[in-house]
Amino acid sequence: MCSVESLVRALVNVSEKAGNIARLCRENEDIFGLLVAEKTRDEANPRFVRDFKTLADVLIQEMVRHDVGKAFPDLKENIRGEESSTFTNSLGETITVEVCDSLEETANLLEKVLNGNKLVADLLAAEVHRDICTEDAQCIEGLSAEITASDVGIWVDPIDATAEYVQGKARGTAVPNIPASGLQCVTVLLGVYEIESGRAIVGVINQPFCVERDDGGYSGKIYWGVALDGVKRTNIPQQDVGADGRKKVAILSSAENKKYIYYLRDTLGYSIVFSAGAGHKILKLILGDADLYLVSTGSTYKWDTCGPQAILRALGGGLINLQETIDTKSVIELSYVKSSGKCNIGGVLGFRTHTQLMEFSKLL
């Protein structure tokens, strides 16, 4: 058995280490230029013309597996991620990236990936092996529940919105607090789920580039939530949805099916805003900047939704399978049982309150 409190603390701390790696790689031009690799056709998301895999992605994923697996050995084999752990350097050598037992061993491995660049390899290895204990983790207390570590799994999205991470071109929208693109759309997503039931039960979202500082660097922010039977906790401030009097906002991708845009805008009276990053869009829903999230195609994956779904569940909202809900005329939550695969086939509808869900369901 392991305490939920200790698991949440570990995930919050490891998410901040991930954020530090993401910032280090992005803010150091000499490092960043070395790290970007285009994904193969088999790996790429079919919705995008180009997709990217960075060493930061792979390194963060393996760091999470190493750190959480070391703290909770029974969990290690059930930590799953978006990226493959292989990386091909410019010499054509394919290397399996992993976090080794010592800083020196990890630095030597990264040096091979980076074509002998010892300076960059040492910088990255030092960040990977650094001990971190954030203020956010220290504030977590009173989660008395326990779970059996071998009964749960973790989905990791090391850098969600990788294209935004690579390109970094910020564009705003007409809706306050919701950017269309840019580094603010980048998130690190960690989600814990029950293997047997498929329920998302713990989520952590780290937004590494939340605020640009005067010195040109960035500060991040961490959000977490727990949704277990009898225990619903989150660090998201409670608020009355719609209390500010603004028009209802639905957040979507720019490639969304037009019929849903018309339904939401013309029938239900939502303002439509298009934004990048599945994790970022759901975070805007979590924070109350948006009221509904919709994607009608199978372009999101379990690593995109597991963590955010747990936080939404802790707030009384949720993520449901759009097509299954339409077909069955009943609410079908996203599930993380192994048989459900990696892709959220059928699309996703996200809501913060059941009132919003019921309003939308009248159209189904």
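How many of the eleven residues of strand 11 (residues 218-228) are buried? I looked this up in a predicted model. Eight of the eleven are buried, and I noted the strand as mostly covered.

**Entry: the neighbours of strand 11**

I checked the pairing next. Strand 10 (residues 200-212) runs antiparallel to strand 11, and eight bridges join the two. I picked out one pair: W224 in strand 11 stands opposite V204. The two strands form a hairpin, with five residues between them. In that turn I found G216 with a positive phi of about 90°.

I then turned to strand 12 (residues 231-234). Strand 11 is joined to strand 12 by four bridges, again in an antiparallel arrangement. Here I noted T234 as the bridge partner of G225. This hairpin has two residues between the strands. G230 takes a positive phi near 85° in it.

**Entry: helix 4**

Which residues of helix 4 (residues 103-113) are buried? I listed T106, A107, L109, L110 and V113. Looking down the helix axis, I saw these buried residues fall within an arc of 165°, so they line one face of helix 4. The face turned away from the buried side carries E104 and K112, which are exposed.

I asked what covers the buried residues of helix 4. The cover includes helix 3 (55-71) and helix 5 (118-128), along with strand 5 (86-88) and strand 6 (94-96). Just after helix 4, I found N115 with a positive phi of about 55°.

**Entry: two loop residues**

Is D289 buried or exposed? I read 15% relative accessibility for D289; the cut-off for buried is under 20%, so D289 counts as buried. I placed D289 in the loop between helix 9 (278-286) and strand 15 (292-295). Leaving out residues up to four places away in sequence, I found D289 touching V175, N177, I178, R246, V249 and K284.

V186 was my second loop residue. I located V186 between helix 7 (162-167) and strand 9 (187-194). V186 counts as buried because its relative accessibility is 1%. With residues up to four places away in sequence left out, I noted contacts from V186 to I159, D160, A161, E164 and Y165, among others. The list for V186 also includes N206, Q207, P208 and F209.

I ran one distance as well. V186 and V152 lie 34 residues apart in sequence, and their C-alpha atoms are 26 Å apart in space.

Notes
Residues numbered from 1 in each chain as written. Predicted model: local features only at pLDDT ≥ 70, side-chain atom pairs only at ≥ 80, totals over all residues. Heavy atoms only, no water. Buried < 20%, exposed > 50% of the residue type's maximum accessible area, 1.4 Å probe, protein only. Pairing = 2+ DSSP bridges. Contact = heavy atoms within 4.5 Å. Arc of directions from axis to C-beta.
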